[in-house]
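Trainee: Please take one part of this model and go through it closely. I would like a single connected account that I can follow along with the structure.

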Amino acid sequence: MISSFELEKLPQGYYKQIGTVLQRRDSSGEGQSLLLFLRDMGPMWVSAPASKTKCRFGGAIEPLTWAEFDLYQSPARLYLQGAEVKEDFISLRSSALKLKSALKLYKRLSKTLMVGHESNNILTLLWSSMLLLKENCPVDLVEYRFTWRLLKETGLAPSLNLCVNCGSKLDSGAKWTNDGLICASCYGACKCDLDAKELRSLRFAALLSHDKFIEWSVSQEKSSLYTDELKKLVTFFTDMD
Ligand SMILES: [Zn+2]
């Protein structure tokens, strides 16, 4: 959850940082408040003053856009002074499916990240996921991968390799519990939720490197596996929502 809890103000001065617009709020008359997700600074609320906003910042303050932002911290607040677009991901906007998927990733981060906390690994994860969508990787796979990796960064990801109950390797099959996946000897006579092949696919989707994932994911047959698993993964965020 975004909160300004214990948020310390930056020292007064000018800053320049790469990042993206996570959220935008119109505050009537005063212009816009932007939640920028910035390298080395994490998410920060920034004021984009009203009168000149549109011509000054153009597309750079559209959600999903990545830009280099010029900022000024006054004694009162952080202001946006200028921005240079680096990547607008405009191609995602021509596909409702991809656009929706990208917006879902942004929304998830708005709920998960803490304002003012450096989160460079997660910024890199977002950037990489946006590129995967742009590269036409299946959206359900990208969302699953993003979600598992985000859980990993926050220390909540269920293991895809080891039984959460006894610690043995998950190989022949696995079953979901509230705590994570359990192995065949722990679930006993029950039916497994994931067979060996599905477990392997889930590991590939989560763990392959960026380039290998692109190659592998486009060859995957359509299946409900990743959307089903995504629903399970989202429950691991529950405590934080
Ligand atoms: Zn076990």
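Mentor: Start with a definition: a residue counts as buried under 20% relative accessible area, as exposed over 50%, and as partly exposed in between. The model is predicted, and the part to look at is the site of the zinc ion. Its protein donors are the SG atoms of Cys163, Cys166, Cys183 and Cys186, lying 2.3 Å from the zinc ion. The angles among these four donor atoms run from 104 to 114 degrees, and the site is tetrahedral. Along the sequence, the donor residues follow the spacing C-x2-C-x16-C-x2-C.

Now apply the definition to two of the donors. Cys163 has a relative accessibility of 4%, so Cys163 counts as buried. Cys166 has a relative accessible area of 43%; because this value lies between 20% and 50%, Cys166 is partly exposed. As for bonds between cysteines, the structure holds zero disulfides.

Finally, place the site in the chain. The chain is divided into domain 1, residues 13-87, and domain 2, residues 135-240. The donors Cys163, Cys166, Cys183 and Cys186 fall within the bounds of domain 2. The C-alpha centres of domain 1 and domain 2 are 36 Å apart.

Conventions
Residues numbered from 1 in each chain as written. Predicted model: local features only at pLDDT ≥ 70, side-chain atom pairs only at ≥ 80, totals over all residues. Heavy atoms only, no water. Donors = N, O, S within 2.8 Å, 3.2 Å for Na, K, Ca; no water. Tetrahedral: all angles 85-135°; square planar, octahedral: opposite > 155°, others 65-115°. Buried < 20%, exposed > 50% of the residue type's maximum accessible area, 1.4 Å probe, protein only. Disulfide = S-S within 2.5 Å. Domains from an automatic or database assignment.
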